[in-house]
Amino acid sequence: DLHSAIERGELSLYYQPQARIDRTITGFEALVRWHHPQRGTIAPGTFIPIAEESGLIVQIGLYVLEQAARELASWQSVLASDAAPFVSINVSSRQLDSPDLVEAVTGALSEHPVPVGCLHVEITESAVMRDVARSQDVLKQLKALGCHLALDDFGTGHSSLSLLQRLPLDYVKIDRSFITAMSGEFSGESMVGAIIQIAKILHLTVIAEGIEAETDELRLRALGCQLGQGYRYGKPLPAPQWQ
Ligand code: C2E
Ligand code: MG
Ligand code: MG
């Protein structure tokens, strides 16, 4: 089914806001959804692993890139007078390994007039760790195209501090499990505080993932976190619902 999902137009992007801790929206993360004719809407957690295994992720990744650039370009014309919002796409390890990624991003950016710095790319630690030297090279090239780069799900993979230093990153996204742990475990809040401090030393902007409660927001503000993403600021929705 996944093979023909793209041709049948069953994939679409939902956008979840990323906001300053004062709630001003700064941009959106593009999250893919599969609208299956029999099964209904399928979350990426179910089909991305299958797509990774089968190699279909490369094709899905191209769709995500094209669609995000197209929708972002149309947003720019709507919001011309305000500060330009960014759109952040997720890139998987297979895509990072593929020799075509940089070319595909170049193509999408030249086809759709997106301001420099408004297309963000998220990669996970485990994707980067497969081949650090190659990842470094690809990320440098993406950076040269004007993309901003975020390390996704930080803390759940190898969490190597040297990675934070060696990669040309702009953002670190603290995984939702750490944000959830702040209200439970005694050490939870200190862990998040420590990650924020390390990020500051390395001049990286922190995005806290999965902020749901006001108490999370207040704690994060006190710890000096700049940006957040989570149901508190909005759930993922199709683009027209944000316009
Ligand atoms: P992610 O990149 O870490 O995206 C954040 C996930 O957390 C999203 O799930 C989002 O809906 C969910 N989330 C955000 N805020 C909250 C909150 O306050 N509470 C809770 N409980 N959840 C929250 P989603 O959309 O199901 O995506 C899951 C994962 O699938 C993503 O995690 C990402 O790794 C992957 N993914 C999504 N779209 C793509 C894509 O286009 N390409 C690739 N390669 N992976 C994708
Ligand atoms: Mg992400
Ligand atoms: Mg994440």
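In this predicted model, an oxygen atom of ligand 1 lies 2.9 Å from an N or O atom in the side chain of arginine 33, a polar contact being a pair of N or O atoms within 3.5 Å. Within protein, such a contact also needs one atom able to donate a hydrogen and the other able to accept it, and residues adjacent in sequence count only if both atoms are side-chain atoms. The model is predicted, with local features needing pLDDT of at least 70 and side-chain atom pairs pLDDT 80 or more, while totals for chains, interfaces and linings use all residues. Residues are numbered from 1 along each chain as its sequence is written, chains are lettered from A and ligands numbered from 1 in the order in which they are written, and side-chain values use heavy atoms, without hydrogens or water.

Ligand 1 has further polar contacts. A polar side-chain atom of aspartate 152 is 2.9 Å from one of its oxygen atoms, and a polar backbone atom of tyrosine 231 is 2.8 Å from an oxygen atom of ligand 1. In total 22 residues surround ligand 1, counted when a heavy atom of the residue lies within 4 Å of the molecule. The closest are Glu29, Arg33, Asp152, Glu212 and Tyr231.

Asp152 also belongs to the metal sites. The magnesium ion (ligand 2) has Glu29 (OE), Asn90 (OD1), Glu122 (OE) and Asp152 (OD) as protein donors, at 2.0 to 2.2 Å. Donors are N, O and S atoms within 2.8 Å of the metal (3.2 Å for Na, K and Ca), and sites may look incomplete because water is not among the atoms. Along the chain, the donors of ligand 2 follow the spacing E-x60-N-x31-E-x29-D. Glutamate 122 is in strand β5 (residues 119–124) and aspartate 152 in strand β6 (residues 148–154), so this pair ties together parts 30 residues apart in sequence. Helices (H or I, at least four residues) and strands (E, at least two) are DSSP runs numbered from the N terminus.

The second magnesium ion (ligand 3) is 4.1 Å from ligand 2, and aspartate 152 coordinates both. Its protein donors are Asp152 (OD), Asp153 (OD) and two OE entries from Glu209, at 2.0 to 2.6 Å. Aspartate 152 lies in β6 and glutamate 209 in strand β8 (residues 205–209), so here the parts tied together are 57 residues apart in sequence. Aspartate 152 is buried, with a relative accessible area of 6%, and glutamate 209 is buried at 12%. Buried means under 20% relative accessible area, exposed over 50% and partly exposed in between, using a 1.4 Å probe and protein chains only.

Some of these donors recur in the largest pocket, whose volume is about 1,000 Å³. Of its 39 lining residues, Glu29, Leu31, Pro44, Asn90 and Asp152 are the closest to its centre. β2 gives the most to this lining, with five residues.

The whole structure has one cavity of 30 Å³ or more, with a volume of about 70 Å³. Among the residues lining this cavity are Val58, Gly61, Leu62 and Leu65. Helix α3 gives the most to the lining, with four residues.

On a 1 Å grid over the protein atoms alone, a cavity is a set of points where a 1.4 Å probe fits but cannot get out, and a pocket is an open set with protein on both sides within 12 Å along at least five of seven lines; lining residues have an atom within 4 Å of a point. Points are joined across faces, edges and corners, and a volume is the space filled by probe spheres set on them.
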